[in-house]
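Reader: I'm new to this one and don't want the grand tour yet. Pick a single part, show me what sits around it, and then work outwards from there.

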Amino acid sequence: MSGQIIQASGTPVLMVPERPAVATVGQRVLVAWNSSPESIRAVRSALPILKAAASVEVLVVLAGEPDTAFQMPGRPLVDYLSQHGVAATVKVMKLDDVHGVGGSILARAEGTGADLIVMGAFGRSRLREAMIGSTTGRLLTQSSVPMLVAH
C-alpha cells in the first residue's frame with residue numbers, strides 16, 4: 001500500500017514506521033545515493049531538512065570497488081549540497097551480498113544513529129520490482145527509521 005502511495009503521489013513522501021526507533025527526525029540524516037533521477041528528486045526535496053540537520057552523510061553502496069583515480073562516488077552530491085549550505089560527508093560501502101543494498105542502508109543508518117533516511121524510491125520498472133524485489137520495498141517493510149522518499 002505505501003509503495004502505491006509513493007508512486008502515485010507525485011510528491012516526496014515522509015514515511016514514519018509504526019514504532020520508530022528514534023526520538024528526533026532530521027537531525028542525523030543518511031542520504032542513500034545512487035545518482036538516479038529519483039535520488040536527485042529526493043535530495044532536492046529534502047534540502048530544507050538537510051540545511052537544518054546537525055549531520056548529513058551520503059551513503060553510496062557499490063557492487064565492486066570504485067576506480068578512485070576516476071570515480072569519487074558521492075563527491076558531486078557533496079559539492080552540490082555544499083553550494084546550498086549543507087556540510088555532508090561521504091561513506092562508500094561495498095555491497096554485502098547477504099543483506100543487499102537495503103540491508104546495507106539499514107545497517108549504516110543504525111550504526112550512525114541516523115534519524116532520517118533520504119532516498120529515491122522505485123527506480124526500476126514495476127515488473128522488475130515484482131520479479132526480483134526492491135531496495136525500496138525492503139526499507140519500507142523493515143526500517144525503524146523514518147524515510148523521506150521520492151519517486
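Author: Let's start with M119, which counts as buried because its relative accessibility is 5%. "Buried" here means under 20% relative accessible area, "exposed" means over 50%, and "partly exposed" is in between, with a 1.4 Å probe and protein chains only as cover. Keep in mind that this is a predicted model, where local features need pLDDT of at least 70 and side-chain atom pairs count only at pLDDT 80 or more, while totals for chains, interfaces and linings use all residues. Residues are numbered from 1 along each chain as its sequence is written, and side-chain values use heavy atoms, with hydrogens and water left out.

M119 belongs to strand β5. Strands (E, at least two residues) and helices (H or I, at least four) are DSSP runs, numbered from the N terminus. So who are its companions? Setting aside neighbours within four places in sequence, M119 touches A32, A42, T135, T136, L139, M147, L148, V149 and A150; a contact means heavy atoms within 4.5 Å. Take V149: 30 residues separate it from M119 in sequence, yet their C-alpha atoms are 5.1 Å apart in space.

Another of those contacts, A42, leads us to helix α2, where A42 is buried along with E38, S39, V43, A46, L47 and L50. An α-helix has 3.6 residues a turn, so residues three or four places apart point the same way. The buried residues of α2 pack against β2, β3 (55-62), α3 (75-83), β5 (116-120) and β6 (147-150).

The helix itself has a kink to look for. α2 bends by about 60° at A46, with a proline, P48, following within four residues; the bend is the angle between axes fitted to the seven residues ending there and the seven starting there. As for its length, the 16 residues of α2 (37-52) should span 22 Å at 1.5 Å a residue, and the end C-alpha atoms are 24 Å apart, which agrees. That expected span is 1.5 Å times one less than the number of residues.

Two of the elements that α2 packs against, β3 and α3, also take part in charged pairs. The whole structure has 3 salt bridges, each a side-chain nitrogen of Lys or Arg within 4 Å of a carboxyl oxygen of Asp or Glu. In one of them, R108 meets E57 at 2.8 Å, N to O. R108 lies in helix α4 (residues 100-112) and E57 in strand β3, so this pair ties together parts that are 51 residues apart in sequence. E57 is buried, with a relative accessible area of 12%, whereas R108 is partly exposed at 23%.

A second bridge joins R75 to D79, with the closest N and O atoms 3.3 Å apart. Both are in helix α3, 4 residues apart, about one turn of the helix. R75 counts as partly exposed at 37% relative accessibility, and D79 also has 37%. There is also a bridge between R19 and E18, at 3.7 Å from N to O, and both of these residues are exposed.

Zooming out, the chain has 6 helices and 6 strands, and 40% of its 151 residues count as buried. Our M119–V149 pair fits a wider pattern: among contacts between residues at least 6 apart in sequence, 77% join residues at least 24 apart.
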